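Let's take a friendly walk through a protein and the ligand it holds. Have a look at the model first, and then read on.

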Amino acid sequence: MPVKNLFSKYNIPGPRYTSYPTVPFWTEPPSKSEWENEVKFTFQKTNSKEGISIYIHLPFCESLCTYCGCNTRITVNHAVEKMYINAVLKEWALYLELFEEKPRIKELHLGGGTPTFFSPENLQMLIHSILSSATRCPESEFSFEAHPNNTTEEHLKTLYALGFKRISIGVQDFDPVVQEIVNRVQPFEHVKRLTDWSRKIGFTSINFDLIYGLPKQTKAGIITTIEKVSTLLPDRIAFYSYAHIPWIKPGQRKFTEADLPANEEKLELYETGRQMLALKGYEEIGMDHFALPTDSLYHAKIEKHLHRNFMGYNSHSTRLLIGLGVSSISDSWTAFIQNEKKVEDYYKRVDENTLPFFKGHLLSKEDTILRKHILNIMCYGYTSWEQEHEQFETLERTVQELKEFEKDGLLRTEKYGVQILQNGLPFIRNICMAFDARMRNNESNKVRLSQTI
Ligand SMILES: C[S@@+](CC[C@H](N)C(=O)[O-])C[C@H]1O[C@@H](n2cnc3c(N)ncnc32)[C@H](O)[C@@H]1O
């Protein structure tokens, strides 16, 4: 089938699979004590061997980037910093009460919002307090998201001294027309300055976030953006598909749908970027991600310890991920929970000394098996199920659905497995949907998702 037709066939609402089941399809919420027990159980089992991961959501931004799909709070009042940090530390203290020994931190990530909205002193206070109650695994990885317009050399020095060796820079697109319409004007010089400082200070892995499918984006613009990016040679690149969800993010109504590249144009933007990155020496990692062969993400793929969770792809997995802060998601491997999304609700719950989650999901045995297959596909483009084949009906339905993709030349089925082909990579979310029993049983929730391509 011509690519154009494949595009209209498969460009439907679908998840990005940073978890399975994905958030709109969580149906079995844990009670407070159930969640606490799941955390205690996984902590006892895994802390001494693999350690735990921590994600801290820092939601504040000084201005709204209109494409943004993340949980943010726009303000120029920096007095909010201290109050927010105190709440996060209070939440962390609630988790510490559940642990019988010092947590060993394997991964710590500051996401946003804009973590560099916070002053270096306040970030230092936050990280210092967390580390004072924990130890670090020898191979730990600390990372943070940085905005090129407000990250100072002081931020970098402070975070480096606290053990951060990875930085993720929000670039998105260098085209001034695109930057204007998405309200994120940041000259190339700011990104270059931040990259140069990071290298000089000693950061060992620099990631750039780019997005294709933004309003007013053109093929010529993407070519220029990738040319500029490759002069700075970041170790990793996340090349995200723009998720258009104006029914959840009204900021995306600041431009119109007519400003967005049409279906095939969007696929062309992706193909153009992907081919250019390959020529510049980048290896494709799972969905949307690229890395130089010297980067740990590439090694993780080759050595088969690549993992995907709410923070995206990472090179080490821990079974316990504690998400702190507003809207953060935690994963105990046996259950998920999500924190309150409004800052005020989050403060209120933490002040009441309760873990501030408002929804979640306890995984069934079937969820666990399907999660394994979806993770395999998202990380390696391959999965097999011989032993589980007879255990439940879902896989039979999955196999039938995979045949349809096979007819379109997107994958090759084996007796008890599936291999995604190069042509299938742009449709990887659709292929995972064949394993998604929770979504199949609740089709109506699909309308809340972004398009798969
Ligand atoms: C949580 S944001 C933080 C970025 C950081 N605050 C900054 O501004 O530099 C992480 C990344 O998600 C991506 N992102 C945000 N909204 C998106 C959307 N609607 N579609 C696709 N990717 C998006 C962007 O590439 C962004 O850099």
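## The ligand and its surroundings

Strand S5 (135-146), strand S6 (164-172), strand S7 (205-212) and strand S8 (236-241) each give at least two residues to the shell around the ligand; strands are DSSP runs (E, at least two residues), helices are runs of H or I (at least four), and both are numbered from the N terminus. The model is a predicted one, where local features need pLDDT of at least 70, side-chain atom pairs count only at pLDDT 80 or more, and totals for chains, interfaces and linings use all residues. Residues are numbered from 1 along each chain as its sequence is written, and side-chain values use heavy atoms, leaving out hydrogens and water.

Around the ligand there are 20 residues, and Gly 112, Gly 113, Gln 172, Arg 184 and Asp 209 come nearest (near means a heavy atom within 4 Å).

The table lists polar contacts, pairs of N or O atoms within 3.5 Å.

| Ligand atom | Partner | Distance |
|---|---|---|
| nitrogen | polar backbone atom of Tyr 67 | 2.8 Å |
| nitrogen | polar backbone atom of Gly 69 | 3.0 Å |
| nitrogen | polar backbone atom of Ala 243 | 2.8 Å |

Elsewhere, aromatic rings meet. Phe 60, Tyr 84, Phe 117, Phe 118, Tyr 346 and Tyr 347 form one aromatic cluster; rings of Phe, Tyr and Trp (its six-membered ring) pair if their centres lie within 6.5 Å, with planes under 30 degrees apart counting as stacked, over 60 as edge-to-face and the rest as tilted. Both Tyr 84 and Tyr 346 have 0% relative accessibility and count as buried (under 20% relative accessible area, 1.4 Å probe, protein chains only).

Conventions:
A polar contact is a pair of N or O atoms within 3.5 Å; within protein, one must be able to donate a hydrogen and the other to accept it, and residues adjacent in sequence count only if both atoms are side-chain atoms. Buried means under 20% relative accessible area, exposed over 50%, partly exposed in between (1.4 Å probe, protein chains only).
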